[in-house]
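Take a look at the protein shown here. This short report follows one theme, the meeting of its domains.

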Amino acid sequence: MLTCDVRGSLQEDSQVTVAIVLENRSSSVLKGMELSVLDSLNARMTRPQGSSVHDGVPVPFQLPPGVSNEAQFVFTIQSIVMAQKLKGTLSFIAKNDEGATQEKLDFRLHFSCSSYLITTPCYSDAFAKLLESGDLSMSSVKVDGIRMSFQNLLAKICFHHHFSVVERVDSCASMYSRSIQGHHVCLLVKKGENSVSVDGKCSDSTLLSNLLEEMKVTLAKC
């Protein structure tokens, strides 16, 4: 069992850390684990010095039966305005009383546009100045069939898409986030009786439209 979490940092504008939690659900000890990822033009896995792009990166632990552990890998990203998926393979040796076998597990790493956003607080006066600057592109989405409360809906946007609430008045809220490459993303979220609309402004129009599409998928489950 393998789960991934992409974590960005405002200190690194072209790098993200991918935390991979490995869980051993078998009755064998898993050892000699190596992670291989097929690089794209836009995303490249950081490998030990002297390694080629075809070499796997060793996982620094073994996994006894029923145990899980987290390994972290660094990726260099060129452009963050579009989501992307990379193919990967985890190879390992499964050892038990009957012997050892070489196994592998194929997976995909999903880098969403939201994974490049960092939850960043923003005061209302700074937020207003950003909106007035005229440097931001605008786009909107609307989702119908919303049953969730506005409070829980905002919490979902904060959790899944890394936004912070700047100000909330009744069923209207302004929200802010910032990308690892310094893009400002401003939202105005309004809840109707059974719908929610999100008006967005961002310093990159492609990033904004892709973020709103990701948000639409989240809100459609609300």
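How many residue pairs are in polar contact between domain 1 and domain 2? The count is 3 residue pairs, with both residues at pLDDT 80 or more. Salt bridges between domain 1 and domain 2 number 0. The model is a predicted one.

**The two domains**

The domain assignment places domain 1 at residues 2-111. Domain 2 covers residues 117-220. Their centres, taken over C-alpha atoms, lie 32 Å apart.

**The interface**

The size of an interface is often given as the accessible area lost when the parts come together. Here are the values for this pair.

| Item | Value |
|---|---|
| Residues of domain 1 in contact with domain 2 | 13 residues |
| Residues of domain 2 in contact with domain 1 | 12 residues |
| Area buried between domain 1 and domain 2 | about 990 Å² |
| Share of that area on carbon and sulfur atoms | 66% |

Which residues of domain 1 lose the most area to domain 2? They are Leu10, Ile80 and Val81. Together these three make up 60% of what the domain 1 side buries.

**The side of domain 1**

Two strands each supply at least two residues of the side that touches domain 2: S1 (2-9) and S2 (12-23). S2 gives the most, with 4 residues. By residue type, the side of domain 1 that touches domain 2 divides into 7 nonpolar, 4 polar and 2 charged residues.

Terms used: Residues are numbered from 1 along each chain as its sequence is written. This is a predicted model: local features need pLDDT of at least 70, side-chain atom pairs count only at pLDDT 80 or more; totals for chains, interfaces and linings use all residues. Side-chain values use heavy atoms; hydrogens and water are left out. Domain bounds come from an automatic or database domain assignment. Contact means heavy atoms within 4.5 Å. Buried area is the accessible area (1.4 Å probe) that two parts lose on being put together, summed over both. A salt bridge is a side-chain nitrogen of Lys or Arg within 4 Å of a carboxyl oxygen of Asp or Glu. A polar contact is a pair of N or O atoms within 3.5 Å; within protein, one must be able to donate a hydrogen and the other to accept it, and residues adjacent in sequence count only if both atoms are side-chain atoms. Ala, Val, Leu, Ile, Met, Phe, Trp, Tyr, Cys and Pro count as nonpolar, Asp, Glu, Lys and Arg as charged, and the others, Gly among them, as polar.
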